[in-house]
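Colleague: Please pick one part of this model and take a close look at it for me. I'd like to know what surrounds it and how those surroundings hang together.

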Amino acid sequence: MSLDVELLQDFTEDVLRALGTPTGSAANVAQSLVAADRLGCFTHGTGLLPLYAKMIAAGALDPEARPELDVSHGSITRIDGRNGFGQLTGALAVRSGVDKARVSGISAVGICNGGHLGRLGEWAQMAASDGMLFMAFCNSGGGARNVAPFGGDQRMLSTNPIAFGVPAFDGLASDIIADFATSQVAGAVIQEHLLTATPLHPEWTTGKNGAPLTDARDFTDGEGALLPLGGRATGHKGYALAIIAEILGGIAGGLMAGEHDPEWFSNAAMFLFIDPLKFLPREELSQRIGGLAAYLAQGGARLPGAGAHQRNKGTAEHSLELPDHVCSSLRKLADELRVQIPAALPGIRNAADGSGAARPW
């Protein structure tokens, strides 16, 4: 059932305020979550609200915290998210990094105590829209460990996502955006399969003696681990990327796996920004990226980010559809918080009572 985007935004803000979030912060976080839903990235959209509620109740997320500048030396910056909403921290990190890169051509922004930074692709798109090349490497501060090292079967690392953004400068309909976990899939995909009772792909997980898990419930009960990106045959590549993300997050000011065993998680990340116009004129860069896209199109391929752009373009301007399990979890949370669900959001108001939230790891 279609949901009105503006009403969903207002409802999301109401839920966030009921969780103790100041009005301005609630509006910004809600906008980020609804934008993810519009892209079809439901694992990082409004379905995260029940998870955030649990983190707030556990003291792992401070809804009133605002990120602040912790270190600034030339083109180097560090942002302390103060364990608040990562959507606020990510936006501040991008603004700071872009400003410094405009001056020096390159900048690096470290993030510590980032909470949950949300969809890294949002920050890649934000930077690319400002004309910057972007790279992000993220860890989970020693928490949310559910990925096995290559050749192993124990949960020792998190999904450690990475992201890249390349501005197309009008050479394409959209910028080039890549955002993915360094494991076979993100942990939230497993949670979605649990909520929808869908079997797991055998190439996603490993259990004792290397046998895969097929039931998501077994995984969420603590059995097995996610395989690194590349799986059983070439997972050494994803494992290497995960280690780089782990270390860069540690350099940025966060904890690394093995240093702490927290009940929850808090992202640390390194964001890198490069001004490509310091290397090539805008027109040349635009033409060459457009030429690459045209060449690949001959083989039926498209550049990263084009699919999300098409999904967003194909979404009605004022409405979107949420999966049933997301609507159910939102209804349950609203009931717990005594937040009124607008009658004009029947997909949530009339949803069956749900449970749980898709976790981002």
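Modeller: Helices and strands here are DSSP runs numbered from the N terminus, with at least four residues of H or I for a helix and at least two of E for a strand. Let's take helix H4, residues 86-104. Bear in mind that this is a predicted model, where local features need pLDDT of at least 70 and side-chain atom pairs count only at pLDDT 80 or more, while totals for chains, interfaces and linings use all residues. Residues are numbered from 1 along each chain as its sequence is written, and side-chain values use heavy atoms, leaving out hydrogens and water.

How confident is the predictor? pLDDT, its per-residue confidence from 0 to 100, averages 94 over the chain, and 96% of the residues score at least 70. Residues 354-361 are where it stays under 50.

Now the helix itself. The expected span is 1.5 Å times one less than the number of residues. For the 19 residues of H4 that gives 27 Å, and the end C-alpha atoms sit 26 Å apart, so the two agree. Right after H4 comes Gly105, with a positive phi near 90 degrees.

Plenty of H4 is buried, meaning under 20% relative accessible area with a 1.4 Å probe and protein chains only (over 50% is exposed, in between is partly exposed). The buried residues include Gly86, Leu88, Gly90, Ala93, Val94, Gly97, Val98 and Ala101. Covering the buried residues of H4 are, among others, H2, H3, S3, S4, H5 and strand S10 (268-274).

Start with the strands in that list. Two strands pair if DSSP finds at least two bridges between them. S3 and strand S4 (residues 106-112) run parallel over five bridges, with Ile76 opposite Ala108 in S4. S3 (residues 76-80) also pairs with strand S2 (residues 68-73), in the antiparallel sense and over five bridges; there Glu68 has Asp80 as its bridge partner. S2 and S3 make a hairpin with two residues between them, and Gly74 in the turn has a positive phi of about 60 degrees. These strands belong to an open, mixed sheet of seven, in the order S2-S3-S4-S10-S5-S6-S7. S2 and strand S7 (176-180) are at the edges with a single partner strand each, so one side of each has no neighbour in the sheet.

Next, H5 (residues 120-129), which contains Gly121. Gly121 counts as buried because its relative accessibility is 2%. Leaving out residues up to four places away in sequence, Gly121 is in contact (heavy atoms within 4.5 Å) with Ile177 and Asp179. The C-alpha atoms of Gly121 and Ile177 are 6.6 Å apart, although 56 residues separate them along the chain.

Finally, the nonpolar cores: sets of buried Ala, Val, Leu, Ile, Met, Phe, Trp, Tyr and Cys residues joined through side-chain atoms within 4.5 Å. The largest has 38 residues, and Phe11, Met55, Phe85, Leu322 and Ile348 touch the most other members. H1, helix H2 (23-38), H3 and H11 each give two or more residues to this core, with the largest share, six residues, coming from H3. A separate core of 23 residues has Ala93, Val98, Ala269 and Phe271 among its members. Ala93 and Val98 are also on the list of buried H4 residues, which ties our helix to that core.

Terms used:
pLDDT = per-residue confidence, 0-100.
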